[in-house]
Every structure is written in structure tokens, then in C-alpha cells.
Amino acid sequence: MATALQVLRHLAQAPLRLLLWRGPLARLASSMALAEQVRQLFESTVHAVLPGPLLQRALSLDPDTGQLKVRDRSFQLQQNLYLVGFGKAVLGMAAAAEELLGQHLVQGVISVPKGIRAAMECAGKQEMLLKPHSRIQVFEGAEGNLPDRDALRAALAIRQLAEVLTADDLLLVLISGGGSALLPAPIPPVTLEEKQTLTKLLAARGATIQELNTIRKALSQLKGGGLAQAAYPAQVVSLILSDVVGDPVEVIASGPTVASVHNVQDCLYILNRYGLRAALPRSVKTVLAQADSDPHGPHTCGHVLNVIIGSNALALAEAQKQAEALGYRAVVLSTAIQGDVKSVAQFYGLLARVAGARLTQHGAGASVKEDEQLQELAAQLQLPDLQLKGALEAVVCARGPVCLLAGGEPTVQLEGSGRGGRNQELALRVGAELGRWPLGPVDVLFLSGGTDGQDGPTAAAGAWVRPELASQAATEGLDVAAFLAHNDSHTFFCRFQGGAHLLHTGLTGTNVMDVHFLFLWPR
């Protein structure tokens, strides 16, 4: 007898006309099947940015000559290759590099998240694991994506390896999201605890990833070009899996192989903005006072080749392709969604209203006021690549279900002490927004998920919601507003309908920020 999961997977492959049948006996099965289909689309999206295949496409080795080609540059390998890496996707990147370059690799050190090897082994992802007698030493740390003593030991081992290299050596640096937490090496007298406390305070007050990294670089031995400086005069090739909006190499993992363009005044501006300058520990004030305005200098990174091998844009391109294969009219809205999660949720809620009206009534159901509000919200979010006009035009032309795709990394200003992450909070807020307006003859589903498979300090990657969320939650005695007030989205989703709306993937071994799916089906 087929299990419930097998039935759902079978339904997820069914034609959309069957899934959208709204007969009274089919509503629950249809809803569950659509959710399963969306989950599978998310998994396909993540699969497109797995580190191994991306790295293998970026590198090519001539086994006869020992020539390693990276983009338009060639490097001669003669037992002179060293490897370091740090980030959530680096274990899989290192495994792929070892497979391709193993005979030339002399030594390596990587810093990866706590428990990732066991998670990959348990999931049967052997391609993400190093060989039994690997020359690459693995440190696990940064539990909960926070720098700790284990990550500090890894950072010091990486620095030690880099400092002994010569002009005849080549250092391959593997970088992905989460690299900042996995490469903590504060400049004395700043301690790891002091730097960690400052980072937490900034994050809790809504500092962007760019602002956090500016402070981290100023207080770090290895960030902001410090690793490149330590490795000089060796040649350095950095292969980077981007988890930052716009893919700026100086920001990803705080730019350890890119000369810093920020100075002390930039740091003081950020600290003033969030009201933290007066509360700084003396050690931080000492380091900032002693810092040169351009501590590493661009001349120190002329020996570095930085290459982006994967990004959120690549993931969304695959999602678009897969959604279209399932029968959706799929449009990528933006790869740069950022800003306060409350504003982002309002944007998605109003977008569902406006797009839904255009889909079902060819624009007649959307008021001029709602269109104007949507445009104003979009302007406030300042999304540089937003394709709102084109997306709405595509919705008008669609004759069936629509999938609007986006990616990025919104921020959450903490007001409570609950559990959750930005994806679960965004989903919960969007669910609340969807319930505020009558959406007409259209069904809506919104999903937000982290491509690394871990949303904040929880085991979920994110969550999905529908317009009925608030009313259904109320019947279970759950007050959506109360959970949001305490930033307790994970607890809400665990309790709501037995956790059925949580997105569980396990650690994926990659990290290219978050993806957001907004589905609309005309009834």
C-alpha cells in the first residue's frame, strides 16, 4: 500500500489541471499536492547550485602537462598546490577539488559548520565528503553560524599554512556563505567574545550584511584582504560561491582575498548609526584607533584571482526553468531582495493582490491605489534589479498558473527572544498579509527558504503559507501577531498543523542566500 508521501509525490507530478480541481473531496489533497510540488521545486533549485559541479565547471586540468586553467589564466602545478577554505558549502567544494587535483595537492585546511560531515554522511551525500586519507585537514565549528573557539583554531591553522608559502606556490581558496563566522581571527587585544558580542548587537539592531562585514574586516587578521596578504608572494586563486546580494567579492565572507576599501570612519559611522559607539570595549577602540585607513592596500592583492562560480541568480534561473516545465508562467522578479522583513512581507502581500487581480480579470480587479502602493513599496525597498513591470505584464498574458521568483536576504530587527530565522519570519508575515485582503478567484502560495537548508538556529530551511493561515491558526488557538511580536516564527510553525508548513531539507552543502516563490492559480 502506498504511503502518504508516495501519494503526494505522485500527485506533485500530475498535470496542473488535475491539481487545481476544486471539488469538495479534492481540496485538501490538492493543497497538499501543490505544497509537495513547491517543495520539489525548491530542492531542484538548490541542486542547481551544489558546490561540486560548480567547481568542476570552473576548473580544468590537463593531466599531461599539469596545467590548471581557471577562466583565462593558467597555472603550472608541480607539487606546489595548497588549499584552504571556509564556509557552509566548502566541504563539497573541497571534495570536488580533491577529486580533480588530488595528486597535486600538498596540504589543505578547511573550516566548515559543526556537524556537516555527519549530516552529509547520514544523507548519503558521499560526493560531499573527502577521501578517507585526505591531505585536507577539516575543522568543524561556528555552531549556529556564530564564531567560536573551534572556528578560531581553524582560522589560525589557515593563517599558519598561508604564511609559509613561497612565490613558487599556488594557494587555492574556497569561499562560501558562512565564511565570516568560520574564519574568526580578531586583532589583539580584541577577544573572540568581544567581537562576537559586537556582531550580535549590530545584527539585532538590523545591520545589513555589508555593515556587519565592514566591522568584522576592521577587527580581523584575515578578512578584508588579510589572508591574501598572509599568503604573499604565492599566487592565490579564490573560487567563491556567493551568498551576498550583487555578488561583491569584497563582502562575501568579509573579503579575505580582496583589499578592503573601507576605513575607520566607515566603521565609526556604522557604530554611531546603531547607537553602539559609546558602549565599545576598550580593546575595540584601541584597534580602530591604530588601524590604517587602508590597512592592506590594493597592491597586496595583485597576486589574487577571484572567481564567482555560483550565485542566487543561477539558482533562480534553474527554478524558472523547472517551474516552466511544470506548466507555470515563471518570471524572475529580483535576485536582490533586501531590507526589513516587514517591508518585504508587505511588498509580497500587495504583489499577490495586484498580480492576482490581473491574472483573473486582466487587470480590472486591481485598483489604481493598490498599483500605486505597490510601486511605492518597491521604490522604498530600492531593489536595483527589480523587474516588476515586466512581471505584471507577464501575469496579464498568462492563461494559467503563475510563479513569481525572487531571491536575496532580508533582515530582521529582533524585538523578542523567540526562535526562528528570516525565512520563517518572512513566510509568517506574508501569510498574515495575504489574509488581510480578499484575493478574489485566485489561489496563492508563498514559500521562503534558505538554500543552505538552515534558517537561523533551527533545523528548518524555511516555510510556506497560504491566505488561510491566520484564520486556520486562530482555530488552533494560535495568534499570529503574538508570535511575530516575539520573533517566534519557528515555534508557531512547529505548532501550526503539526509542523506541516515547515520546509525541511537538512543541510544542503551549498549557500546562495534565500529564494522566494509566489504562486498564483486562477480558480
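Student: Why are aspartate 371 and arginine 358 said to form a salt bridge?

Tutor: The term needs a side-chain nitrogen of Lys or Arg within 4 Å of a carboxyl oxygen of Asp or Glu. In this pair the closest N and O atoms are 3.0 Å apart, so the rule is met. Aspartate 371 sits in helix 15 (residues 368–381) and arginine 358 in helix 14 (residues 341–361), so the bridge ties together parts 13 residues apart in sequence. Helices here are DSSP runs of H or I with at least four residues, strands are runs of E with at least two, and both are numbered from the N terminus.

Student: Where do these values come from?

Tutor: They are computed from a predicted model, in which local features need pLDDT of at least 70 and side-chain atom pairs count only at pLDDT 80 or more, while totals for chains, interfaces and linings use all residues. Residues are numbered from 1 along each chain as its sequence is written, and side-chain values use heavy atoms, with hydrogens and water left out.

Student: Is arginine 358 buried or exposed, and how do you know?

Tutor: Buried means under 20% relative accessible area, exposed means over 50%, and partly exposed is in between (1.4 Å probe, protein chains only). Arginine 358 has 19%, so it is buried. Its partner aspartate 371 has 22%, which makes aspartate 371 partly exposed.

Student: How many salt bridges does the structure hold?

Tutor: There are 16 salt bridges. One of them joins glutamate 193 to arginine 149, with the closest N and O atoms 2.9 Å apart. That pair links distant parts of the chain, since glutamate 193 is in helix 8 (residues 192–204) and arginine 149 is in helix 7, 44 residues apart. With 40% relative accessibility, glutamate 193 is partly exposed, and so is arginine 149 at 43%.

Student: What makes arginine 153 and aspartate 150 a pair of this kind?

Tutor: Their side chains meet at 2.2 Å, N to O. Both residues lie in helix 7, three residues apart, about one turn of the helix. Lys114 joins Asp150 and Arg153 in a network of salt bridges.

Student: Why does aspartate 148 have no salt bridge?

Tutor: Lys and Arg count as positive and Asp and Glu as negative, while His and the chain ends are not counted. For the buried aspartate 148, the nearest side chain of opposite charge is lysine 114, 6.5 Å away. Set against the salt-bridge rule, that distance is too long, therefore the pair does not count.

Student: What does the side chain of aspartate 148 reach instead?

Tutor: It reaches the backbone nitrogen of alanine 142 at 3.0 Å, and the backbone nitrogen of aspartate 150 lies 3.3 Å from one of its polar atoms. A polar contact is a pair of N or O atoms within 3.5 Å; within protein, one must be able to donate a hydrogen and the other to accept it, and residues adjacent in sequence count only if both atoms are side-chain atoms. Aspartate 148 itself lies in the loop between strand 6 (136–141) and helix 7 (149–163).

Student: How do you know whether cysteine 267 is in a disulfide?

Tutor: A disulfide is a pair of cysteine sulfur atoms within 2.5 Å. The closest cysteine sulfur to that of cysteine 267 belongs to cysteine 301 and is 17 Å away, which is too far for a bond. Cysteine 301 is likewise in no disulfide, and the count for the structure is zero. Cysteine 267 is buried at 2% relative accessible area, and cysteine 301 is buried at 13%.

Student: What does the protein chain look like as a whole?

Tutor: The chain has 20 helices and 15 strands. Its radius of gyration, taken over C-alpha atoms, is 24 Å, close to the 24 Å from the globule rule (2.2 Å times the number of residues to the power 0.38) for 523 residues, so the chain is as compact as a globular protein of that length. Buried residues make up 57% of the 523 residues.
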